[in-house]
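Colleague: I'm new to this kind of model. Could you walk me through a few features?

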Amino acid sequence: MSNADAQTDLQLLITDAEELVPVLEGGLPESTLTDVPAPEKGPRGRDSMELAAPDRDPNDLPAQRWAVIAPRGEDGDRMLAAIRALIDHRHAQQGAVPTIYRVDPGMDSAAAIRWRNDVHRDEDVPEEERPHYLLILGDLDGVSLELQHTLANGALVGRLHCPTLTGFRNYAEKVVARERAEPADRGRSLFYTVQDGTSAIQTGYSRLVEPCMQMAEAWSAAGKLDRPGVAEIPYSDWSPDEMLATVGSEVPSVLLSLSHGLGAPRKGWRSPDQQRALQGALSLGLDSPLTADAVREAPFLPGGVWMCIACFAAGTPDASAFYPWLAQLADHGGSRQPAAEVLRSLPRSGDRPFVAALPQALLANPRGPLAVIGHMDLAWTFSFTAPGNNKSRASRMFSTLRSLLAGSRVGVGLDALMSVYRETNNDLTASYQIQRDALVRGQPDPIQPQVLGRMWMQRNDLRGYVLLGDPAARLPVMSDQPALQDRPPPAAADSRARADHHGSSTARDSTSTATTRVTTTTPSTSTPAPAPAPAAAPPPAPHRGATTAAAATTAAAATTTTRGIHEHHAHRSTRRRPRGPGVHRPCPGTLWRRAARGDGPPAHPREPRDRPARARGAGDDPRRRGPAIDLHAIRPPARGDILLARYVP
C-alpha cells in the first residue's frame with residue numbers, strides 16, 4: 001500500500017484469533033467519517049479536569065495523597081487484605097493512613113459523576129487531604145470502567161485485577177520490594193513492532209515507533225534523557241524467543257510495542273471463558289499469539305512498564321464507543337461491509353466486561369512489570385497521527401515514555417497522554433456548539449462533517465487508554481526530582497494521623513451505620529517535631545464513612561463481614577461534621593490575643609513568639625495602643641493555620 005493510500009484509510013490494530021489475519025487489511029475509507037454519530041450527551045462535568053493539588057509536584061505523594069477504591073462485599077475485603085503490604089508502604093511514604101473507598105458495581109456516567117463530586121471531592125474533607133492517586137481493585141464488573149474514565153479526568157487512576165488473591169499479594173509485594181531496593185542508575189527504552197506487513201502496522205511504525213526512537217536518541221544526545229541507547233527488538237517470523245529474552249532482563253525497562261490484538265474468530269468465540277482468555281492477546285503474525293499462559297512465570301519486564309498499542313490490550317468494555325458508527329456502516333453494505341467484520345469482536349448487550357488475561361498474568365507475576373498501559377477498546381492510529389493529513393503526532397506518546405524513563409510515577413506519565421484527550425474533547429465540544437449556534441441563526445453549517453468525524457475518532461481512540469497497576473508505581477531508577485527521593489513525610493502531612501482520640505459519636509445514613517471519632521490536637525509552641533513512625537501513628541478519624549486501610553484489611557483477613565468497616569457510599573450523606581467532648585473552637589481573635597500574650601500557640605508555626613517589637617514612633621497615640629503587643633507577630637491566619645482551630649489551652 002502506498003503512502004497516499006495509507007493517508008486516506010482508517011487503520012485498525014485487530015486480527016482474527018483463529019486465522020491470525022487482520023480483520024481490516026485495507027482499512028476503511030476516510031469518507032465513512034461523514035456518518036459518525038454526535039457524542040452522547042453525558043452528565044455535566046464528566047470530562048472536566050480538576051487536580052487535587054495543582055500547585056504541587058504531581059509526583060509528591062505526601063502532597064497528592066494515595067487511596068484505594070474497592071468493590072463492596074467480601075470480595076473487596078479479600079482484595080484489600082491481599083494488598084496490605086502496599087497499603088502500609090504508601091502509608092509510610094505519605095505520612096497519612098490511605099483512605100479506603102467502597103463502591104457499588106455497574107456505575108454509569110451519572111452515578112460516577114455523583115460519586116466523584118459527593119464522595120471523592122467531599123467539601124467536608126480539606127482539599128489537601130483528598131487523594132489524587134487512586135488504585136481501583138477488581139474487574140470491570142466490580143468497579144465500572146465508567147467510574148475509572150470519570151475519575152481519570154482530574155485524578156491519576158490505575159486498576160489492579162489478578163486471576164487469584166495470590167496474584168494481588170504478589171503484585172503488592174513486588175511494588176514494595178522494588179521501591180525499597182537500591183534503584184538502578186538508569187532505565188532502558190525498548191521498542192518492538194510485529195512487522196507482519198499489514199497497512200496498520202506500517203502506518204504505526206512510520207508514524208509512532210520510528211519517531212519515538214528518533215526523539216529518544218535526540219533527547220539522550222542533548223543530555224535531557226539519562227539512559228542507554230535505544231534498543232529496538234528485531235521481529236522474527238519464526239519465533240518470539242529473542243523478544244522474550246530481551247524483555248526478560250533485570251534492567252528496569254519501558255517497552256513500547258506495536259501489534260494487532262486478538263479479536264473474535266470468524267465463527268465466534270466458543271465460550272465466554274475462551275474470549276476472556278484470548279481477546280486482547282498479542283498477535284505475533286502467523287506464529288502463535290503471546291497469551292497469558294506464556295508469561296505467568298517467565299520473566300517479562302521485571303520492575304518495568306509496558307505500553308502496548310493493540311486492540312483490547314487492556315480489556316474489553318461493556319459497550320464500545322465505536323459500535324453505533326460501525327453498526328451504521330455495516331447496514332450500508334458495499335465497500336463499507338468490512339465494518340461488519342469488526343462488529344464480531346465488539347461486546348454485545350449483556351456481555352460481562354473484563355480486564356484482558358495477558359496484563360492480569362503479567363501484573364501477578366513476581367518477575368513481571370509494575371504497570372501496563374493499554375487500550376480498553378478498539379485501537380486505531382488516530383492517537384498518534386494528525387487528523388486530516390495523517391502526519392505523525394508521536395510526541396504525544398513520547399511524552400509518556402519520557403516521563404516514565406525519568407522516573408515519574410506511572411499515573412503522571414499516562415496523564416501526559418490524557419491531556420491530549422482533554423484538548424481533543426474540548427475541540428469536539430466547541431465544534432458541535434458552533435454547529436448549534438449556526439443552526440439557531442439560520443446560517444449554513446460551518447463545520448465539515450469529515451472534520452468532526454476525525455475529531456470524534458481521535459477523541460474516542462485516546463480515551464480508550466487506561467492504566468493497569470498502581471498509578472503511584474514508578475520505574476526503579478535514580479531520579480533528580482526531589483519528590484521522588486526518599487525522605488520522611490512532613491510532620492503536618494495529616495493532622496488526623498497524629499490525633500489523640502477523646503470521644504466518639506455515631507451517625508447513620510440510609511444504607512449503613514458508621515462510627516466516627518472526634519479528634520483534638522494540641523500544637524506545640526516549639527519547632528514542629530519530625531513525623532512519628534507510621535507504625536506508631538493511631539488511625540485517623542475517617543471522614544464521611546471512609547474506612548482506614550488498617551481497619552478494612554484487618555477485617556478482611558479475619559474473614560469477617562463488612563459490618564464495622566467505615567465505607568463510602570455512592571450517595572451523598574446528610575450527616576454533618578461531628579462535634580463531641582473535648583472539642584473546643586475558640587474564635588480567631590481569641591487565638592491571636594493568646595499568641596500575643598504568650599500563653600497560646602504562635603500566630604504561625606514558622607514565626608517565633610519572641611520577635612522584637614517595633615519601636616514606637618513619636619506620633620503613636622497610647623490611648624489607641626492598649627497593652628504592649630507586638631503587632632508584627634499578629635496577622636490573619638494563613639492556609640497552614642488550620643490546626644489552630646483545634647487548639648485546647
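Modeller: Sure, burial comes first: a residue is buried under 20% relative accessible area, exposed over 50% and partly exposed in between (1.4 Å probe, protein chains only). Also, this is a predicted model, where local features need pLDDT of at least 70, side-chain atom pairs count only at pLDDT 80 or more, and totals for chains, interfaces and linings use all residues. Residues are numbered from 1 along each chain as its sequence is written, and side-chain values use heavy atoms, with hydrogens and water left out.

Colleague: So is Ser283 buried or exposed?

Modeller: Ser283 counts as buried because its relative accessible area is 2%.

Colleague: Where is Ser283 found?

Modeller: Helices (H or I, at least four residues) and strands (E, at least two) are DSSP runs, numbered from the N terminus. Ser283 sits in the loop between helix H10 (272–278) and strand S12 (305–309).

Colleague: Which residues does Ser283 touch?

Modeller: Contact means heavy atoms within 4.5 Å. Leaving out residues up to four places away in sequence, Ser283 touches Thr15, Val194, Ser259, His260, Leu262 and Pro289.

Colleague: And strand S10, which way do its residues point?

Modeller: From S10, Ser253, Leu255 and Ser257 point one way, while Val254, Leu256 and Leu258 point the other way; all are buried.

Colleague: What does S10 pair with?

Modeller: Two strands pair if DSSP finds at least two bridges between them. S10 pairs in the parallel sense with strand S8 (residues 188–193) over six bridges, and with S12, also in the parallel sense, over five bridges. Val254 in S10 is the bridge partner of Ser189, and Leu258 stands opposite Ile309 in S12.
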